[in-house]
Amino acid sequence: MAKRKVNLSGLRVSDFKFHLPEALIASRPAKERDESRLMILHKSDGSIEHKVFKDIIDYYGKDDCFVFNDTKVIPARLYGSKEKNDAIIEVFLLRELNESIKLWDVLVDPARKIRISNKILFGSGANLTAEVVDNTINGGRAIRFLYDGTHEEFKQLLYSLGTAPIPDYMKRKADEEDLERYQTIYAKREGAVVAPAAGLHFSRILMKRMELKDIRMAFLTLHNGLGNYENQDIEDPSKHRKNNEEINVPLACCEITKKSKELGKRIVAVGTSTFRALETVVSTDGFIKEYEGWTNKYIYPPYTPLFVNDLLTNFHMPCSLLLMMTAGMGGYEEVMNAYDVAVKEKYQFGAYGDAMLITD
């Protein structure tokens, strides 16, 4: 197979194109979380191994550290009807803007039918109503839910009406299984509308085996938004619009990773979101610092990781920012060649697909 060559100083978005047969885009998860396939890419020489995901434990030992993103995906996709004409409207929750007045930033489809002051009814008995109060800069809407109960009761009702926000490339509607499987087993802090896909492969048994091997586990939070899935219409990666995402790197994460670093052990970022968060908060002393706020860190090749040794990630869509971030970790030629192998070997792509571990 011919290897890709490119001048990194002139890298373009189109350099991240590859032929992805639709049959290789996973629309359902593997039967067991830890039994997906796992490609091991050795970035030092570009060599590749083919494994089962639970074999990842064989590559790590005492005091190596896996860092996980414990964000929790909300059931963000709702379907309602427009008041008076009953037109079906999809409402995709992005984030809560104001808790006291139940104001949310959302996307609506079809957007052309929804204007300021329009009302949307949810539930078979129209037991929840929202009023459009403004347009947003991302083409969405700010809507205010009309509900007299407590905020906790409101959230419970809102989420009971929603479905798991599985990606559009799965080309199906979400079902009950997705509420469990489009969520990591360690999800804790609510706020994501995109699952940290690499983490979906971890089962309770596998994490217990890691614990028994004295592999360290640290947790941070990055609330994954839709920004990484936006199409980029600018060929020059350096001129792309950077999406902001909320992160929380607690002191415990800093202390756990510092101990591993001081022992010369490996730091494994579980997912591109974790990679992005860690590389955002690394200090000049080589350790990460406690932080709560936002990141617009943008990673693409050529890039030299400041803190992370290894990256665990899924296989991403052509020309996506997630693919570019992966290549920032593993090297452009090495990652794109590995993707060509993945297509040839019929790996599954996307959030429910197989995984790649980039290591030395």
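**Close-up views of helix α3 and strands β12, β13 and β15**

**View 1. Packing of helix α3 in the predicted model.** The buried residues of α3 are in contact with two strands, β3 (65-69) and β12 (216-222). The helix itself covers residues 204-212, and L206, M207 and M210 are buried in it. Seen down the helix axis, the buried residues of α3 fall within an arc of 95 degrees, so they line one face of the helix. An α-helix has 3.6 residues a turn, so residues three or four places apart point the same way.

**View 2. The other face of α3 and the residue that follows the helix.** R204, I205 and L212 are exposed, and they sit on the face of α3 turned away from its buried side. Just after α3 comes D214, which has a positive phi of about 65 degrees.

**View 3. The two faces of strand β13.** This strand is made up of residues 245-249. E245, I247 and V249 belong to its covered face, while E246 and N248 belong to the uncovered one.

**View 4. Pairing of β12 with β13.** The two strands are antiparallel and are joined over 2 bridges. I247 in β13 stands opposite L222. I247 is also part of the covered face of β13, and β12 is one of the strands against which the buried residues of α3 pack.

**View 5. Pairing of β13 with β15.** Strand β15 comprises residues 291-295 and pairs with β13 in the antiparallel sense, over 5 bridges. E246, from the uncovered face of β13, has W294 in β15 as its bridge partner.

Notes: Residues are numbered from 1 along each chain as its sequence is written. This is a predicted model: local features need pLDDT of at least 70, side-chain atom pairs count only at pLDDT 80 or more; totals for chains, interfaces and linings use all residues. Side-chain values use heavy atoms; hydrogens and water are left out. Buried means under 20% relative accessible area, exposed over 50%, partly exposed in between (1.4 Å probe, protein chains only). Helices (H or I, at least four residues) and strands (E, at least two) are DSSP runs, numbered from the N terminus. The arc is that of the directions from the helix axis to the C-beta atoms. Contact means heavy atoms within 4.5 Å. Two strands pair if DSSP finds at least two bridges between them.
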